[in-house]
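Here is a short tour of one protein chain, written to be read with the model open beside you. We begin with a single contact and work outwards to the fold around it.

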Amino acid sequence: MQPFQIKIKGIVAPSQWDKDGKVLQTRIMTFNEDQFEVADTELGRSLLLHIRKTVTAAGEMQSIGSEKQIRIHKLTFHDETSSGLEPHQNKPRTGPEQSF
């Protein structure tokens with residue numbers, strides 16, 4: 001199968017370790033349960049420092065056996081606080097107008 005352009009969003013997870021437990025390779029696990037092994041390139045190796053971070057990756061997808069692999073050309077890291085929810089604010093509650 002020929003590689004084709006793809007853009008995915010997901011969480012960076014380890015996929016391969018050495019005998020001492022050091023992460024050697026990563027994958028991106030999308031929110032619809034697809035998994036993409038990250039190709040061993042300079043940009044791909046940079047994800048070793050971003051385990052459990054949410055990213056959008058654009059690049060070439062290729063099937064290798066039953067595995068999907070992405071050769072990343074562009075990465076966007078997402079702020080974990082941008083969930084769409086307002087951050088909780090601790091305000092002192094005074095008087096009978098407080099609600100629970």
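## A contact to start from

A polar contact here is a pair of N or O atoms within 3.5 Å, where, within protein, one atom must be able to donate a hydrogen and the other to accept it; residues adjacent in sequence count only if both atoms are side-chain atoms. With that in mind, and remembering that this is a predicted model, look at Thr-56 and His-78: their side chains are joined by a polar contact of 2.6 Å.

Thr-56 sits in strand β4, which covers residues 54-64. Is Thr-56 buried or exposed? Its relative accessible area is 11%, and because buried means under 20%, Thr-56 is buried. Setting aside residues up to four places away in sequence, Thr-56 touches Lys-7, Ile-8, Lys-9, Lys-74, Leu-75, Thr-76 and His-78.

## The chain as a whole

The protein chain has one helix and five strands, and from the N terminus on its elements run β-β-β-α-β-β. Of the 100 residues in the chain, 25% are buried. The accessible surface of the chain comes to about 7600 Å², with 50% of it belonging to carbon and sulfur atoms. Among contacts with a separation of 6 or more, 47% are between residues 24 or more positions apart.

## A five-stranded barrel

How are the strands arranged? They form a closed barrel of five strands in the order β1-β2-β3-β5-β4, with mixed pairing. Neighbouring strands of this sheet are turned by 55 degrees against each other on average, direction ignored.

Strand β4 is a good place to follow the pairing. On one hand, β4 pairs with strand β1 (residues 4-17) in the antiparallel sense over eight bridges. On the other, ten bridges join β4 to strand β5 (residues 67-77), and this pair is antiparallel too. Elsewhere in the barrel, strand β2 (residues 23-30) and strand β3 (residues 35-38) run antiparallel and are joined by three bridges; Arg-27 has Glu-37 in β3 as its bridge partner.

## Two residues along β4

Glu-60 shows both sides of this pairing. This residue lies in strand β4, where Glu-60 stands opposite Gln-5 and has Arg-71 in β5 as a bridge partner. At 29% relative accessibility, Glu-60 counts as partly exposed. Beyond its neighbours within four places in sequence, Glu-60 is in contact with Pro-3, Phe-4, Gln-5, Ile-6, Gln-69, Ile-70, Arg-71 and His-73. Glu-60 and His-73 are 13 residues apart in sequence and 7.8 Å apart in space, C-alpha to C-alpha.

Thr-54 is also in strand β4, and with a relative accessible area of 18% Thr-54 is buried. Its contacts, leaving aside neighbours within four places in sequence, are with Lys-9, Gly-10, Ile-11, Phe-31, Thr-76, Phe-77 and His-78. His-78, the polar partner of Thr-56, therefore appears in the contact list of Thr-54 as well.

## The nonpolar core

In soluble globular proteins, nonpolar side chains tend to be buried together. Which residues touch the most other members of the largest nonpolar core here? Of its 13 residues, they are Ile-8, Ile-28, Leu-47, Ala-57, Ile-70 and Ile-72. The elements that give two or more residues to this core are β1, β3, β4 and β5.

Ile-28 makes a handy viewpoint. Not counting neighbours within four places in sequence, Ile-28 is in contact with Ile-8, Gly-10, Ile-11, Asp-34, Gln-35, Phe-36, Val-38, Leu-47, Val-55, Ala-57 and Ile-72.

## Turns and loops

Three residues with positive phi are worth a look. β4 and β5 form a hairpin with two residues between them, and Gly-65 in the turn has a positive phi of about 65 degrees.

Glu-33 and Arg-52 are residues other than glycine: phi of Glu-33 is near 70 degrees, a positive value, and phi of Arg-52 is likewise positive, near 70 degrees. Glu-33 is in the loop between β2 and β3 and counts as exposed at 73% relative accessibility. Arg-52 lies in the loop between α1 (42-46) and β4; with a relative accessible area of 67%, Arg-52 is exposed.

Conventions
Residues are numbered from 1 along each chain as its sequence is written. This is a predicted model: local features need pLDDT of at least 70, side-chain atom pairs count only at pLDDT 80 or more; totals for chains, interfaces and linings use all residues. Side-chain values use heavy atoms; hydrogens and water are left out. Helices (H or I, at least four residues) and strands (E, at least two) are DSSP runs, numbered from the N terminus. Buried means under 20% relative accessible area, exposed over 50%, partly exposed in between (1.4 Å probe, protein chains only). Contact means heavy atoms within 4.5 Å. Two strands pair if DSSP finds at least two bridges between them. Axes are lines fitted to C-alpha atoms, for helices over the stretch in contact, and angles run from 0 to 180 degrees between N-to-C directions. Accessible areas come from the Shrake-Rupley method with a 1.4 Å probe; for residues, only the protein chains shown count as cover. A nonpolar core is a set of buried Ala, Val, Leu, Ile, Met, Phe, Trp, Tyr and Cys residues joined through side-chain atoms within 4.5 Å.
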